[in-house]
Amino acid sequence: MLDVSLRAGVSKATVSRVLNGTGQVKESTRKQVFKAMEELGYRPNFLARSLANRSSNSVGLVVSTFDGFYFGRLLQQASRQTELHGKQLIVTDGHDTPQKELDAVQMLVDRHCDAIVLYTRFMSERALMSLMSTIRVPLVVVNRDVTQARERCVFFEQQDAAFQATEYLIQQGHRDIACITVPISTPTGQARLMGYRKALQKHGIRFSEERVKNGDSTMTVGHQLCQELLESGVAFTALFACNDDMALGASKALHQAGIRIPEEMSLFGFDDAPSAQWLQPALSTVYLPIDNMITTAIDQAIKLANGEDLEPIPPFVGTLLLRESVAPGPFFQPGRKTSK
């Protein structure tokens, strides 16, 4: 900066004001400074500036993993929204463990991010509240309902969406409905299974452990668990897979067993993966608005960083996308009203 000030014939403070866009600087002086920078090949050291200003003009984002279309959509939208605010996005992986997520958050704090968005599957509400109160950077949580900080959490009504999907199958005349869960150790897995169970309960259908298999969200395991359900001999006319990848794996197992979808088996997924509409027949599923969720999280985090007052964020809800993979079951009643 000293070299630039000498070349431009201005003070070092003037160079600083030009770089930071602060204070009153004449247009002719600004052009002199930029010309001197170009002649000297000068580029601002943003790390040094962030250390001095305790701000890097960036937003940190911690995700559980980089795998899958879901996080691809999330990252794309997070990048677009951060750029709209004139900031950079710094992304890191929490490796799906609370300790790694804590380490990732601390790394972003050390980099002087203006705000941090944390997508977590496993961290407890108590740990999240402790984190919010101890770090100096504003934190917004995605995928968890933090009841004590509703203005700092963006979450989806997992249980209600699973309830709607299962109830739709019931309204289509299915009573023997199997379920393949996402990892049951996660709040998401537990909520989706509970939605399935509550729909059965509402309609007086006995819950059967034999019809439930705990999965891991992959096509391979969806295929394997559907095979296990078929080989077990347990009767079912519909299958609710708690994510689309497992539904795709299950569809192959059904095809290999000579079972036609939807004529002999109805199939319902969750998440609306890009491949869902291209399955033959096209997969009925639940649309999860992750684009809107991460947009809201980025906006809320930046408001926090700016010291603005915040209102609690209403939960996001799912939408049933009814395609071709569900047909009326043995108890279907023509003319009966169904919810969508």
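The exercises below, each with a worked solution, explore a predicted model.

**Exercise 1. Work out the strand order of the five-stranded open sheet, and find its edge strands.**

Solution. Begin with the order, which is β2-β1-β3-β4-β5, with parallel pairing. Next look at the two ends of that order, where β2 (88-93) and β5 are the edge strands, since each of these pairs on one side only. Then follow the pairing through β3: four bridges join strand β1 (residues 58-63) to strand β3 (residues 115-119), and β3 also pairs with β4 in the parallel sense, again over four bridges. At the level of single residues, G60 stands opposite I116 in β3, while L61 stands opposite V117 in β3. On the β4 side, the bridge partner of I116 is L139.

**Exercise 2. Determine which strands of this sheet are touched by helices α6 and α7, and at what angles these helices run.**

Solution. Take helix α6 (residues 98-110), which lies across β1, β2 and β3 and runs at about 165° to β3. Then turn to helix α7 (residues 125-134), which lies across β3 and β4 (139-142), its direction being at about 160° to β4.

**Exercise 3. Decide how far strand β3 is enclosed, and say why.**

Solution. The cut-off needed here is that a residue is buried when its relative accessible area is under 20%. By that test five of the five residues of β3 are buried, so the strand is largely enclosed by the rest of the structure. Now separate the two faces: A115, V117 and Y119 are buried on one side, and I116 and L118 are buried on the other, which leaves both faces of β3 covered.

**Exercise 4. Describe the largest nonpolar core and the surroundings of V117.**

Solution. As background, nonpolar side chains tend to be buried together in soluble globular proteins. In this model the largest nonpolar core has 73 residues, and those with the most contacts inside it are V117, Y196, L239, F240, F268 and I294. The largest share of this core, eight residues, comes from helix α12 (residues 290-305). A second, separate core has 20 residues, including L118, M132, L139 and A149. Turning to V117, and leaving aside its neighbours within four places in sequence, one finds contacts with V59, G60, L61, V62, V140, V142, I294, A297, I298 and A301.

**Exercise 5. Work out the order of the four-stranded open sheet, and identify helices that pack on it.**

Solution. The order is β7-β6-β8-β9, with parallel pairing. The edge strands are β7 (212-214) and β9 (266-268), each of which pairs on one side only. On average, neighbouring strands of this sheet are turned by 15° against each other, direction ignored. For the pairing in detail, three bridges join strand β6 (residues 177-181) to β7, and the bridge partner of T181 in β7 is N214. Helix α10 (residues 219-232) packs on this sheet and touches β6, β7 and β8 (238-241), its direction making about 145° with that of β6. Helix α11 (residues 244-256) packs on the sheet as well, touching β6, β8 and β9, and its direction makes about 145° with that of β8.

**Exercise 6. Classify the aromatic pairs in which F270 meets F156 and F240.**

Solution. A search of the whole structure finds seven aromatic pairs. In one of them, F156 and F270 lie 6.3 Å centre to centre with 90° between the planes, and the pair is edge-to-face. This pair links distant parts of the chain, 114 residues apart, with F156 in the loop between β5 (153-154) and α8 (158-171) and F270 in the loop between β9 and β10 (285-287). F156 and F270 are both buried. For F240 and F270, the ring centres are 6.4 Å apart and the planes are at 45°, so this pair is tilted. Here F240 belongs to strand β8, and the two residues are 30 residues apart; F240, like F270, is buried.

**Exercise 7. Find which residues the ring pairs link into a cluster, and which rings have R175 and R197 over them.**

Solution. Ring pairs link Y70, F71 and Y119 into a cluster. R175 lies over the face of F331, at 5.9 Å from the ring centre. The charged end of R197 sits over the ring of F207, at 3.8 Å from its centre.

Methods
Residues are numbered from 1 along each chain as its sequence is written. This is a predicted model: local features need pLDDT of at least 70, side-chain atom pairs count only at pLDDT 80 or more; totals for chains, interfaces and linings use all residues. Side-chain values use heavy atoms; hydrogens and water are left out. A nonpolar core is a set of buried Ala, Val, Leu, Ile, Met, Phe, Trp, Tyr and Cys residues joined through side-chain atoms within 4.5 Å. Buried means under 20% relative accessible area, exposed over 50%, partly exposed in between (1.4 Å probe, protein chains only). Contact means heavy atoms within 4.5 Å. Two strands pair if DSSP finds at least two bridges between them. Axes are lines fitted to C-alpha atoms, for helices over the stretch in contact, and angles run from 0 to 180 degrees between N-to-C directions. Rings of Phe, Tyr and Trp (its six-membered ring) pair if their centres lie within 6.5 Å; planes under 30 degrees apart count as stacked, over 60 as edge-to-face and the rest as tilted. A charge sits over a ring if NZ of Lys or CZ of Arg is within 6 Å of the ring centre and within 35 degrees of the ring normal.
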